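Colleague: I haven't looked at this one before. Can you walk me through it?
Modeller: Sure, here it is.

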Amino acid sequence: MTKKIGFIGCGKMGQAIINGMIEYGGISPDHIIATAVTDKTIEYVEDTYGVQVTHDNKKVASESDVLYLAVKPYHYPKVIDDIRKHVREETIIVTIALGVSLKDTTLMFGEKAKVIRTMPNTPSHVGEGMTVISPNDNITDSELADMKSLFQGYGQVAQVDEKMMDKIPAVSGSSPAYVYVFIEAMADGAVKQGVPRDLAYQLSSQAVLGAAKMVLESGKHPGELKDNVCTPAGSTIKAIDALEQRGFRGTVMQAMEECLKK
Ligand SMILES: NC(=O)C1=CN([C@@H]2O[C@H](COP(=O)(O)OP(=O)(O)OC[C@H]3O[C@@H](n4cnc5c(N)ncnc54)[C@H](OP(=O)(O)O)[C@@H]3O)[C@@H](O)[C@H]2O)C=CC1
Ligand SMILES: O=C(O)[C@@H]1CCC=N1
C-alpha cells in the first residue's frame, strides 16, 4: 500500500500502531505523518519511528489517504471540528476511540465520510494486535479489503456488527492490562519462592504466550487444555483450586463488567 497514512495524535496507542505497521506491516515510515500537542511527543516519535511529524492537524488531514484519529474520546469533537473541511472525500477515517459511534463520527465529518470504527490494542506494537472493526456504508468492498490488509499488518482483524463494538473493549482493547497484571503476579509468586526476577518474567510471559497459542492453534477448548495439565491429585489442580476458591473467574468477569460500565 503506497498510501499516505496520517495520525491525529500519536500517544501510546498511535505509536503502537505506527511501530506495528512499520516493523511488521511493510509500511515505509515515509508514508506516515503524525501530529501531537507537545514537542516532547513530536520529537520522540520522529526520532524513534522516523515518520514525518507536525503540530498541524489540518495538514495531516488534507494529505492523508487513511486518517487515524488517535486522540482520547473527549478530544474527538474539537479535533474533528478543526479538520473536517480539510479531509478529502476519498480519505478513509479510522476511529480508535472507546464509545465513539460510527453515526456520531459520520455526522461530524459529513454524510459522505468514509469511516471505519475500530478497537485496537497495544500488542499491535509487536505485530500481535487485535483490531476489531466496523465500517460505515460509505466504505466499498475493495476499500474494506485494503483496510483489512493494513490492519493485518500489525495483528489479527475481526469484523463485527457495530452494536457489538461497545462490548469489545473489555475483552480486547483493555484486556492486555489484566494479562500484564497476571504475568507480574506469577513472576512475584516465583520470586517469593527464590526464582530470579528476570527468569520469573521470562517464564510467566512465555507461559501466557504459549497457552494463548495453544488455544488459537490447537482448536481445543481451553478447559481441555487445562485438564491436560492437571494430574489427578497433582500440584496443578491444587493451584486451580486455590484460584477458584478466591473467585478467579468471577473476579475477571466482574472486572470486565466494571470496564464496560466506565
Ligand atoms: N492505550 C490503549 O491501550 C488503547 C487506547 N485506545 C484509544 O486510543 C486513543 C488514544 O489513547 P492513548 O494513545 O492511550 O492516549 P495518549 O494520551 O497516550 O495519546 C493521545 C495523543 O493525542 C495527542 N493529542 C491530544 N490532543 C490533541 C490534539 N488536539 N491534536 C493532536 N493531537 C492531540 C496527545 O499529544 P501529546 O502526546 O503531545 O500530549 C497524544 O499524543 C483513545 O481514544 C483510546 O480510547 C483504544 C484501545 C487501546
Ligand atoms: O482505558 C482506556 O480508556 C483505553 C480504551 C481501551 C484501552 N484503553
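What follows is a short chat about the domains, some strands and the ligand.

Colleague: What kind of model is this?
Modeller: It is a predicted model.

Colleague: Which domains does the assignment give the chain?
Modeller: Domain 1 covers 5–165, and domain 2 covers 175–261. Their centres, taken over C-alpha atoms, are 33 Å apart.

Colleague: On to strand β2, then. Are Ile 32 and Ala 34 buried or exposed?
Modeller: Both are buried. Ile 33 and Thr 35, on the other side of β2 (residues 32–35), are buried as well, so both faces of the strand are covered.

Colleague: Why do the side chains end up on two faces?
Modeller: In a regular strand they alternate between the two faces of the sheet.

Colleague: How many bridges join β1 to β2?
Modeller: Four, and the two strands run parallel. Gly 6 stands opposite Ile 33. The chain gets from β1 to β2 by way of α1, in a right-handed β-α-β crossover.

Colleague: And what about β2 and β3?
Modeller: They also pair in the parallel sense, over three bridges. Here Thr 35 of β2 faces Thr 54 in β3. With helix α2 (residues 39–49), these strands make a right-handed β-α-β unit.

Colleague: Switching to ligand 1: which residues come nearest?
Modeller: Gly 9, Gly 11, Thr 38, Thr 41 and Ala 97, out of 27 residues around the ligand.

Colleague: Which helix gives the most to that shell?
Modeller: Helix α1 (residues 12–23), with three residues.

Colleague: What is the shell like by class?
Modeller: It has 14 nonpolar, eleven polar and two charged residues.

How values were computed
Residues are numbered from 1 along each chain as its sequence is written. Chains are lettered from A and ligands numbered from 1 in the order in which they are written. This is a predicted model: local features need pLDDT of at least 70, side-chain atom pairs count only at pLDDT 80 or more; totals for chains, interfaces and linings use all residues. A residue is near a molecule or strand if its C-beta atom, placed from the backbone, lies within 6 Å of it. Ala, Val, Leu, Ile, Met, Phe, Trp, Tyr, Cys and Pro count as nonpolar, Asp, Glu, Lys and Arg as charged, and the others, Gly among them, as polar. Domain bounds come from an automatic or database domain assignment. A residue is buried if 20 or more other C-beta atoms lie within 10 Å of its own, exposed if 12 or fewer, and partly exposed in between; C-beta atoms are placed from the backbone. Two strands pair if DSSP finds at least two bridges between them. A crossover is right-handed if, with the strands pointing away from the viewer, the path from the first strand over the helix to the second runs clockwise.
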